[in-house]
Amino acid sequence: MAYLISEIRKITLKNLLLNALGGAILGFGLMEVHSIAHVTEGGALGLTLLMDIWFGFSPAWTSIILNIAFYTFGIKMFGVPFVVYSLVSAGAFSGAYAVCELFPPIYPEIANLPFLAAIIGAIFVGVGVGVCVKAGGAPTGDDALAMSLSKLSKIDIQWMYMITDLFVLALSLTCIPVKNVLCSLVTVTLSGQIIGLIQKIGNRKTA
């Protein structure tokens, strides 16, 4: 009980709000760019988009199901603040996506511009996920899944991220043109760099 109380005290309103903001940015980007242009992502994000294409399952709901499964799989590896922040960001992501689905796309012509969609989508993904991770959470279960698989397989986590991304992109070839999958590689690479840059904001080098 004492441990739980001490963990709960680490949760801050600032980080809760940042995770809500990051999740909403991500949900907006995936609905208004990626899903329209059929430019997918790797990992759990890409899997939710594929399930939308294959079965018509909205990422607003599949993201919640996948997140619960992935977080349950690796829950022992995370502290209470991470779990709370992740639930907030995941909820904001699903909420933003669901709201965007209620209205016509802002720029439907982007469906004919997959490379532009890859770049713009990567910015939304990079900023959205980057803000969440910087604030101690994650809007999808990618982090929990990658960490858990890395621990089980003894494979370094950066390679595990790459493996899951490439696996999902390979599945994308079943329903998405090769050109779009190549654009997806651009999205995965660029969004990862943006996330990394956001993590460096405010960090001070130690002597």
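**Close-up 1. α6 meets α9 in a right-handed crossing.** In this predicted model, α6 passes α9 with right-handed geometry. The two helices pack at an angle of about 30°, and their axes are 7 Å apart. An angle under 35 degrees counts as roughly parallel, so α6 and α9 are roughly parallel to each other. Two residues make handy landmarks here. P114 sits in helix α6, and S184 sits in helix α9. P114 counts as buried, at 9% relative accessibility. S184 is buried too, with a relative accessibility of 0%.

**Close-up 2. α2 and α6 run past each other.** Helix α2 covers residues 13–37 and helix α6 covers residues 114–134; their axes come within 7 Å and cross at roughly 160°. Since angles over 145 degrees count as roughly antiparallel, that label fits α2 and α6. The crossing in which α2 passes α6 is left-handed. So how do you describe a pair like this? For two packed helices, you give the angle between the axes and the distance between them.

**Close-up 3. A nonpolar patch on the surface.** Here is a nonpolar surface patch of about 830 Å². Its members are I155, W159, M162, I163, L166, L173, V178, L182 and L185. Which elements give two or more residues to the patch? They are α8 (157–172) and α9 (178–200). The largest share, 4 residues, comes from α8. Look for L173 between the two helices: this patch member lies in the loop that links α8 and α9. L173 is partly exposed, because its relative accessible area is 48%, and partly exposed covers the range between the buried limit of 20% and the exposed limit of 50%.

**Close-up 4. L169 of α8, and V181.** Is L169 buried or exposed? This residue of helix α8 is buried, with a relative accessible area of 4%. That value falls under the 20% cut-off for buried. Now add V181 to the view: L169 and V181 are 12 residues apart along the chain, and their C-alpha atoms are separated by 6.5 Å.

**Close-up 5. S184 of α9, and D165.** Back to S184, found in helix α9 and buried at 0% relative accessibility. What separates S184 from D165, in sequence and in space? Along the chain they are 19 residues apart, while C-alpha to C-alpha the separation is 10.0 Å.

**Close-up 6. Two wider pairs, starting from P114 and L16.** P114, in helix α6, is paired here with L171. They are 57 residues apart along the chain, with 18 Å separating their C-alpha atoms. The second pair starts in helix α2, where L16 is found. L16 is partly exposed, with a relative accessible area of 24%. Its partner in this view is K151, 135 residues away in sequence and 28 Å away in space, C-alpha to C-alpha.

Methods: Residues are numbered from 1 along each chain as its sequence is written. This is a predicted model: local features need pLDDT of at least 70, side-chain atom pairs count only at pLDDT 80 or more; totals for chains, interfaces and linings use all residues. Side-chain values use heavy atoms; hydrogens and water are left out. Patches are made of residues with over 30% relative accessible area and no salt bridge: like charges are joined within 9 Å, nonpolar side chains (Val, Leu, Ile, Met, Phe, Trp, Tyr) within 5 Å. Accessible areas come from the Shrake-Rupley method with a 1.4 Å probe; for residues, only the protein chains shown count as cover. A salt bridge is a side-chain nitrogen of Lys or Arg within 4 Å of a carboxyl oxygen of Asp or Glu. Buried means under 20% relative accessible area, exposed over 50%, partly exposed in between (1.4 Å probe, protein chains only). Axes are lines fitted to C-alpha atoms, for helices over the stretch in contact, and angles run from 0 to 180 degrees between N-to-C directions. Angles under 35 degrees count as roughly parallel, over 145 as roughly antiparallel, 65 to 115 as roughly perpendicular and the rest as oblique. A crossing is left-handed if the near helix is turned anticlockwise from the far one by less than a right angle, and right-handed if clockwise.
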